[in-house]
Amino acid sequence: MSPEELTAYLHIHIPLTAALGARVLSFDSRQMEIAAPLAPNRNHRGTAFGGSLATLGILGGWSLLNTALERQNMVAKIVVQHSDCEFREPVAADFIALSVLPEAEWPHFLATLRRHRRARIAIETRIRANGRAVVTHRGRYAAFLESADDSTATEL
């Protein structure tokens with residue numbers, strides 16, 4: 001799947017991503033980069049709305065986990081269990097979120113998911129604007145393994 005195909009998937013299945021103008025720039029088995037323009041995410045002060053920044057943080061972690069599990073041939077329902085943002089400064093430009101899987105936790109997460117059909121993992125997303133780190137999002141995601149014949153399973 002290409003970044004453009006993943007962007008289209010997100011816009012269809014999570015409509016808020018289209019309203020944010022979110023666009024997947026790149027992804028691989030360990031990280032994902034998603035951009036969003038300032039214009040549709042502006043607040044009354046002309047800076048990025050905190051809710052948009054938090055949403056992009058959640059989206060980055062969720063999308064990364066979803067695609068990483070797909071690469072493992074695992075279909076899971078994924079939900080954000082906890083979300084925390086540290087806002088360092090106002091964001092007055094387009095912004096880019098980089099989410100990274102924690103390599104040390106990944107094998108344990110996969111083993112737990114296979115064994116118990118559910119597992120949790122924390123994923124950090126750093127948001128940058130104008131080359132500066134402006135937001136750090138820390139999310140904990142819960143994954144629930146679905147059976148191959150589950151009609152509610154969604155694949156990317």
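**Figure 1. Ser52, a buried residue of helix α3.** In this predicted model, S52 is buried, with a relative accessible area of 8%. That value puts S52 in the buried class because the class takes in residues under 20% relative accessible area. S52 belongs to helix α3, which covers residues 50–71. Beyond the residues up to four places away in sequence, S52 touches L20 and N41.

**Figure 2. Leu65 and its partners in the largest nonpolar core.** Here we move on to L65, one of the residues that touch the most other members of the largest nonpolar core. This core has 41 residues, and L69, F95, W106 and F109 share that distinction with L65. Helix α3 supplies the largest share of the core, with eight residues. With residues up to four places away in sequence set aside, L65 touches I78, W106, F109, I121, I123 and Y141. As a general backdrop, nonpolar side chains in soluble globular proteins tend to be buried together.

**Figure 3. Phe109, a buried residue of helix α4.** Take a good look at F109, which sits in helix α4, residues 106–116. F109 counts as buried because its relative accessibility is 1%, and buried means under 20%. Apart from neighbours within four places in sequence, F109 is in contact with L65, L69, A119, R120, I121 and A143. Its partner L65 may be familiar from the previous view, where F109 is among the residues that L65 touches. For a sense of distance, the C-alpha atoms of F109 and S63 are separated by 16 Å, and these two residues lie 46 residues apart along the chain.

**Figure 4. The protein chain that frames the close-ups.** To place the earlier views, it helps to follow the chain, which has four helices and six strands. Starting at the N terminus, the order of elements is α-α-β-β-α-β-β-α-β-β. The radius of gyration is 15 Å, close to the 15 Å that the globule rule gives for 156 residues, so the chain is as compact as a globular protein of that length. Along the principal axes, the C-alpha atoms fill a box of roughly 50 × 30 × 25 Å. Of the 156 residues, 42% count as buried. Among contacts between residues at least 6 apart in sequence, 69% join residues at least 24 apart.

**Figure 5. The exposed surface and the charged side chains.** The protein chain exposes about 8300 Å², and carbon and sulfur atoms supply 51% of that area. There are 17 positive and 16 negative side chains, and the centres of the two sets lie 6 Å apart.

Methods. Residues numbered from 1 in each chain as written. Predicted model: local features only at pLDDT ≥ 70, side-chain atom pairs only at ≥ 80, totals over all residues. Heavy atoms only, no water. Helix = DSSP H or I, 4+ residues; strand = E, 2+ residues; numbered from the N terminus. Buried < 20%, exposed > 50% of the residue type's maximum accessible area, 1.4 Å probe, protein only. Contact = heavy atoms within 4.5 Å. Rg over C-alpha atoms; globule rule 2.2 N^0.38 Å. Areas by Shrake-Rupley, 256 points an atom, 1.4 Å probe, with all protein chains shown as cover. Lys, Arg positive; Asp, Glu negative; His and termini not counted. Charge placed at Lys NZ, Arg CZ, Asp CG, Glu CD. Core = buried A, V, L, I, M, F, W, Y, C linked by side-chain atoms within 4.5 Å.
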